[in-house]
Amino acid sequence: MKSDPDPGMRERYRRAEQMLYRNVKSLVFNLETAVHWLPDSSGFWYRSESASGQRFMLVDAATGRQQEAFDHRGVAQALTEALGREVRPSGLPVETFEFTSRGSRIRFEVDGRKWECGLDGSELAALPDSSPTDGRGSLSPSGRYEARIDVGDLVLVDRANGFSTALTNDAQPSYGYGSPTEGRNSAVTDRLRGRQVPPRVAWSPDERYLLTHRLDERRVEMLHLLQGAPEGSLRPRVHSYRQALPGDAELPLAQLVVFDVETARRTDLGWRPLASPFLTPIELNHIWWASGSHAVFFLDWARDRRSVRLVSADPSTGECTVLVEETSDTPIDLNAFYYGPPNVWVGRDRQEIIWYSTGSGWGHLYLLDGRGDPIRQLTAGEWVVTDLVRVDEETRTAFFMGTGVEPSRDPYYHHLYAVSLDGGTPVLLTPEDAEHGEWPPWVDFSPDGRYFVDRYSRIDQPPRTVLRRSTGELVAPVAETDVSELLSTGRRYPERFTAKASDGQTDLWGMIVLPRDFDPSRKYPVIESIYPGPQATRTPRAFTDVVGEGTRCLADLGFVVFTVDGRGTPGRSKAFLDAGYGRSGEAGVLADHVAALNQLAEERPYLDLDRVGIYGHSAGGYAAVRAMLEYPEVYRVGVASAGNHDQRLTNVTWGERWIGPLPGPGWDTQANKSLAHNLRGKLLLVTGDLDDNVNPASTMQLVAALIAANRDFDLLVLPNRNHDFAGTWGTWSEDPYFTRRRWDYFVEHLLGEPPPRGYRVGTLG
């Protein structure tokens, strides 16, 4: 291999690679502190990490005192003898465990087998294979019953005696029971990986009833993927799946059905089938059982989402009753974030209902009576309830996450509050000026609701985990994230910033990331990392959101990287979100992004506005291209991966929710191909040929328009990759080849330097 023109650039690549999640996670300890409450709420255990290994700690809820959950040395010695290899007390090959025999023994899995022993490691024994399910079934709350699908029909298995009962026998192709939709963004991926999706069912708490749906996709039209390089075959393969697109007359329809577990009696709910163009109502948590199993509740939206009804159904008769109905001039959401669970609660005796509404212009909770008539507004003000976390009927208290309540704090920071159902001012329970919890579940309440564990952080403050009483009183600190090894690499913390939107009045929040060897006397090229939602925000709030994130890698290559959440994104007022409704072509009001960039440059003279790039994935890929076409004098270099460049090729839930019915206003100008002639800068388009979330046709049709407009661009097609090649939430795992190509593109065309030859991400050079 020839030597690099600039050997220092190869070292920069090594430093950038060191900041990828797969490498950073080995430098950070206690990054995530999963809590496992004991059934009696007396305490919880968690796994504590350090440079010397891991320990499982048991915390007493009343006092906060910690001790080892069991004798690690004794268990390690027992496993060493049983497995025939050394097992260290600080390196037990155990991810999780459970207490058995009233807390006197533990059960865990090692090497695919279940084991049980005393707390001191005594009487270690391998257990017979009794895995609860192979992943193809759905277990009832106690684990006694399992629902399975057999060629589209639903089968009930009584695991206590091994008996099976066929609940249905009339399934047809694309018209079966309990299946997810093929338009769920992963149907082809699941098929190719042999991943069996368990049936979509909802068990009543007492296990008397099993609710599911019969999903009718028979008339839904097809989309196709062409796999050009299938393993073990010379011939390309076509993979087809049913997906409804905006404007289609036929949608997947889910008819709700209830089965009596004891008698196998079937009851169809007396309600129209629910439109399910993306996920089914069961998957979206739009269906739930009353705590006493006497009723099931579900939500029914109009296709344009401008009306929604809360319906109660009697599982024994199928009779349905409308409890609440709301209509609006613009789409209705029952959570501040589109995919969040609905902020709706129905009391035990069905005499009270908590309902979420943005009718005041802000997302708030309202107490209604059993007929849906208002009793009182529980929360009010120019701030947002994001999630209803818990309702305690005994104390008549609702616990919720809210943003923007605390004056002078970042309006995106979540805090936990309590408010009485009888009225009054919400009480702050998590006082630290930081992002609290992670969505979901935000905070971990004990089963009896007397305690909760809270984790809080900022992008410049590692997480801290604390135990509090439900009144907010601090019991004790639990754990802190150790980032000393990470900071020893020279890593800099990113910064949040504020700017005005293009209207000159609305406040925006963003994040800026500087190179680790930043010199304020130099001029730096700038890259925006964009995702305009509109169902999510882009700018991180918590420390875990920036660990291993791509912005840090690019910064360490020599760029200043920023993100900003413009109007048209969630988490603020309804007007802030609705600013993007019907205006998809503005991609989260791109004028706001340009305005923020210009303000940053005024405050930070080291930003070189003659060298500005942009990148994004999925909706961010769409926005990156749109920015280059709408503002070619601003954005000079772009990388757009898996972009949904024409919303007419997205699923109905996405396109029609954010633009409106098709045909209608906003649709004619939203496709990026309509502006292909505006391209002036350097653009790299990337798609996977097996992307069953954003079909590759969306990229290829833009390619056709760019060719027709005689514009130069670059195209990278990744064989056998689906939508996740640019990183998946929770792991930040990126395809190594794509990662390197994105780095190369900005280094060559924006930094103006040659990339290192043959650099291979994954081997640190």
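The following dialogue explains how to read salt bridges, accessibility, helix packing and a surface patch in a predicted model.

Trainee: What kind of model is this, and how are residues numbered?

Mentor: The model is predicted: local features need pLDDT of at least 70, side-chain atom pairs count only at pLDDT 80 or more, and totals for chains, interfaces and linings use all residues. Residues are numbered from 1 along each chain as its sequence is written, and side-chain values use heavy atoms, with hydrogens and water left out.

Trainee: How many salt bridges are there by the rule applied here?

Mentor: A salt bridge is a side-chain nitrogen of Lys or Arg within 4 Å of a carboxyl oxygen of Asp or Glu. By this rule the count is 55. One of them joins the side chains of Arg 15 and Asp 517, at 3.6 Å from N to O. This pair links distant parts of the chain, 502 residues apart: Arg 15 is in helix 1, and Asp 517 is in the loop between strand 39 (507-513) and strand 40 (524-529). Helices (H or I, at least four residues) and strands (E, at least two) are DSSP runs, numbered from the N terminus.

Trainee: Is Arg 15 buried or exposed?

Mentor: Buried means under 20% relative accessible area, exposed over 50%, and partly exposed in between (1.4 Å probe, protein chains only). Arg 15 has 18% and is therefore buried, whereas Asp 517, at 42%, is partly exposed.

Trainee: Which residue forms a salt bridge with Arg 214?

Mentor: The partner of Arg 214 is Asp 170, with the closest N and O atoms 3.3 Å apart. Arg 214 lies in strand 15 (residues 209-216) and Asp 170 in the loop between strand 12 (163-166) and strand 13 (175-177), so the pair ties together parts 44 residues apart in sequence. Arg 214 is buried at 9%, and Asp 170 is partly exposed at 31%.

Trainee: At what angle do helix 1 and helix 12 pack?

Mentor: Axes are lines fitted to C-alpha atoms, for helices over the stretch in contact, and angles run from 0 to 180 degrees between N-to-C directions. Helix 1 (residues 7-18) and helix 12 (residues 736-751) pack at about 135°, with axes 12 Å apart. Angles under 35 degrees count as roughly parallel, over 145 as roughly antiparallel, 65 to 115 as roughly perpendicular and the rest as oblique; helix 1 and helix 12 are therefore oblique to each other.

Trainee: Which residues make the nonpolar surface patch of about 220 Å²?

Mentor: Patches are made of residues with over 30% relative accessible area and no salt bridge; like charges are joined within 9 Å, nonpolar side chains (Val, Leu, Ile, Met, Phe, Trp, Tyr) within 5 Å. Accessible areas come from the Shrake-Rupley method with a 1.4 Å probe; for residues, only the protein chains shown count as cover. Met 700, Leu 715 and Val 717 make this patch. Val 717 is in strand 45 (residues 714-718) and is partly exposed at 38%.
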